[in-house]
Amino acid sequence: MSELKRYGHENLRAAIAAVFRAGKADDATASAVGDMLVEANLSGHDSHGIQMVSYYVDCLNNGTLDPAARAELVLDGGAVLRFDGHMGFGAVVGAATMAAGIERAKAHGIALVATANSHHLGRIGHWAEACLLEGLVSLHFVNVHGHQPLVAPWGGMRARMGTNPFCAGVPATDRNPPFILDFATSKIAFGKVHVANDKGVPLPAGAMIDTDGVPTLEPGTMIPDATGGSLLTMGEHKGFGLSILCELLGGALTGSGANRPERITQETTTNGMLSIIIDPAALGDLAGLREEIDALYGWVVSAPPAPGEESVILAGEPERRARAERLEHGVPLADQAWANFIAAGGRVGVAADTLESLARA
Ligand code: NAD
């Protein structure tokens, strides 16, 4: 496959913000969305980067994404907060609910933050990173509804759940970077099916079945019609269990709602997120914690690498490596992904020339 074209991250941020300003978002909102998406590209998760623009524009145009909506605090129990995102941009809703949770975790040692009815919250690691910047541990259970379910339950051959991500962050020590575990409970995120489709490459084995339950590597099985197949859960029955937990905690407990037939609108993405934010200092022995962390990581990565592997790495490392490489060399994008972005801009009235010149500024 030929080398992909590279784009500077600042230029991509500006181009994305231009699209959402045209989509009636204010300047700060449009910039926040551009930043959240480009940070995903920088982290190596192209599934949650600029390729989401086309989908967000469709949601703006069909009225299921409200560019002016803000997170509303509907319950304040001190360390327990519940927000309604009113289907505002996840970049804005998530930033507000995490800022509030961080403040309460610092005050109380722990905070439980329920974020209901947010539009797409993007790469959930983005929110763990916000907590990590403040030295806080966090856990995030997220569910997804509002469109066709994409993931089959273990033992089933039709989709019933969303790709329901789980994420956790543990702060850095003086010797080690933070641990950031962040994954869809499906074998791969659905955005990665789009990325594979745009690039014309097969899916990894074990990621998808067709409607007869037969494994397939063909991303087009679920594009453009997601009912053409189902993603499988990661970790077999264990990932299935975690996916249901995300429905229960991220969907039911937050009040955002879990998957059920009435919530299939084929039009939008509703994320519910339950976040538990912990100040490790509240447990009184930060030095002891850091010593344990360093000893654990050192022991684990000392395992001899398996055949074909360079070394053992910990969660968060692939994203840091991608970030370093892409900050230096730019974000690689498939021509089709770029064409989709330009077309999305056109749907809110932004000329292709404007976006091309922003991207090459
Ligand atoms: P993935 O499979 O690429 O990576 C998951 C995790 O594994 C990361 O924490 C990474 O650091 C770690 N990892 C990767 N390779 C590793 C290795 N060799 N050794 C140790 N750790 C390693 O992720 P995914 O499941 O495709 O999810 C991609 C993104 O999609 C995530 O950021 C997730 O939050 C997001 N997502 C969002 C939604 C939503 O509705 N907002 C839905 C699904 C997924």
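This short talk describes the pockets and the cavity of a predicted model.

Good morning. In this predicted model, local features need pLDDT of at least 70 and side-chain atom pairs count only at pLDDT 80 or more, while totals for chains, interfaces and linings use all residues. Residues are numbered from 1 along each chain as its sequence is written, and side-chain values use heavy atoms, with hydrogens and water left out.

Let me begin with terms. On a 1 Å grid over the protein atoms alone, a cavity is a set of points where a 1.4 Å probe fits but cannot get out; a pocket is an open set with protein on both sides within 12 Å along at least five of seven lines; and lining residues have an atom within 4 Å of a point. Grid points are joined across faces, edges and corners, and a volume is the space filled by probe spheres set on the points.

I turn to the largest pocket, which holds about 1,100 Å³ of space. It is lined by 44 residues, and Met52, Leu150, Phe190, Gly191 and His194 are the closest to its centre. Two or more lining residues come from each of α3 (52–61), β7 (179–184) and α6 (190–199); these elements are DSSP runs numbered from the N terminus, helices being H or I with at least four residues and strands E with at least two. The most, six residues, come from α6.

Why does this pocket lie between two domains? Domain 1 (69–186 + 234–291) and domain 2 (198–232) both contribute residues to the lining, so the pocket lies between them. The domain bounds come from an automatic or database domain assignment.

The second largest pocket has a volume of about 190 Å³. Of its 15 lining residues, Asn176, Pro177, Tyr297, Val301 and Leu314 lie nearest its centre. Here α8 (286–301) and α9 (317–329) each give two or more residues, and α8 gives the most, with four.

How many cavities of 30 Å³ or more does the whole structure contain? The search finds one, with about 110 Å³ of space. Among the residues that line this cavity are Asn41, Asp46, Ile50, Gln51, Val195, Asp198 and Lys199. Both α6 and β12 (331–333) give two or more residues to that lining, and α6 gives the most, with three.

To close, α6 gives the most residues to the lining of the largest pocket and also to that of the largest cavity. Thank you.
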